[in-house]
Amino acid sequence: MRSMLFFAFIFALFVPGFATAASGVTITLDVRNFPTNGSDGYTDTTASNGHVYSYKYSGGNGKKGGDVEFDKADGHNTTVVLHLHSDARYTINNVAFPVDPNSQLSQPNPHAPTTATIQDKNEVVQTATYKVSVKDSTANTTFPCDPQIINK
C-alpha cells in the first residue's frame, strides 16, 4: 500500500543516558485535502474514499522532518508526542501498533483529537510499526499513516 503515509521514527540505542534526555520529542503532522505540487515537501496519499490527500512531517531530532532517535536500550521509557497541525476538519482517528514483536510500543492514555503520545519501553533492539489513521470530518473519510520504528 504505497498510497499510505510513511514516517520513520528511528531509535538508535548506543549513547548512554540519551533516552532520558530525548523523552518528549515532538513531531508535527500537517495534512491537506489536495495533492502535492511536487516541490512543496508534501507527500501524496489516498484516502478510503479514493481522494488524494498530502501530508508533511516536521520536528523530531533526526536528519529529516519527523525522524526521532533515542539512544541506549536501558528500559527508560521514551516518548514521542505527535501533533496534528491542520484545520479543524482533521482529527486523529486511531493509533495502532500492527508490528511490535517485543511489545515495546504503547499509547499510555487515550489521545486527544489532534495529539497522540507513543511510548517506547526502549528495552530491546527491534523494528516496529505504528499506524495513525487521520479522519477528515468534512469528507467523512480516513487515511492511514504507517511509519516504522527501529530500535538499534
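Me: Rings of Phe, Tyr and Trp (its six-membered ring) pair if their centres lie within 6.5 Å; planes under 30 degrees apart count as stacked, over 60 as edge-to-face and the rest as tilted. How many aromatic pairs does a search of the whole structure find?

Reply: This is a predicted model, in which local features need pLDDT of at least 70 and side-chain atom pairs count only at pLDDT 80 or more, while totals for chains, interfaces and linings use all residues. Residues are numbered from 1 along each chain as its sequence is written, and side-chain values use heavy atoms, with hydrogens and water left out. Searched as a whole, the structure gives a number of aromatic pairs equal to four.

Me: Is the pair of Tyr-53 and Tyr-90 stacked or edge-to-face?

Reply: The ring centres of Tyr-53 and Tyr-90 are 6.3 Å apart. Tyr-53 lies in strand 4 and Tyr-90 in strand 6 (strands are DSSP runs of E, at least two residues, numbered from the N terminus), so the pair ties together parts 37 residues apart in sequence. The planes stand at 80 degrees, so the pair is edge-to-face.

Me: What is the relative accessible area of Tyr-90?

Reply: Buried means under 20% relative accessible area, exposed over 50%, partly exposed in between (1.4 Å probe, protein chains only). Tyr-53 is buried at 1%. Tyr-90 is buried too, and its value is 2%.

Me: Which residues do ring pairs link into a cluster?

Reply: The rings of Tyr-53 and Phe-143 have their centres 4.5 Å apart and their planes at 25 degrees, so this pair is stacked. Phe-143 lies in strand 10, so its pairing with Tyr-53 in strand 4 ties together parts 90 residues apart in sequence. With the ring pairs taken together, the cluster consists of Tyr-53, Tyr-90 and Phe-143.

Me: Which strand gives the largest share of the largest nonpolar core?

Reply: A nonpolar core is a set of buried Ala, Val, Leu, Ile, Met, Phe, Trp, Tyr and Cys residues joined through side-chain atoms within 4.5 Å. The largest one has 21 residues, and Leu-29, Val-31, Val-132 and Val-134 have the most contacts inside it. Elements giving two or more residues include strand 2 (25-32) and strand 4 (52-59). The largest share, four residues, comes from strand 2.

Me: Which residue meets Arg-89 in a salt bridge?

Reply: A salt bridge is a side-chain nitrogen of Lys or Arg within 4 Å of a carboxyl oxygen of Asp or Glu, and the whole structure has two. One joins Asp-40 and Arg-32 at 2.6 Å, N to O. The other, at 2.7 Å, N to O, joins Arg-89 to Asp-136.
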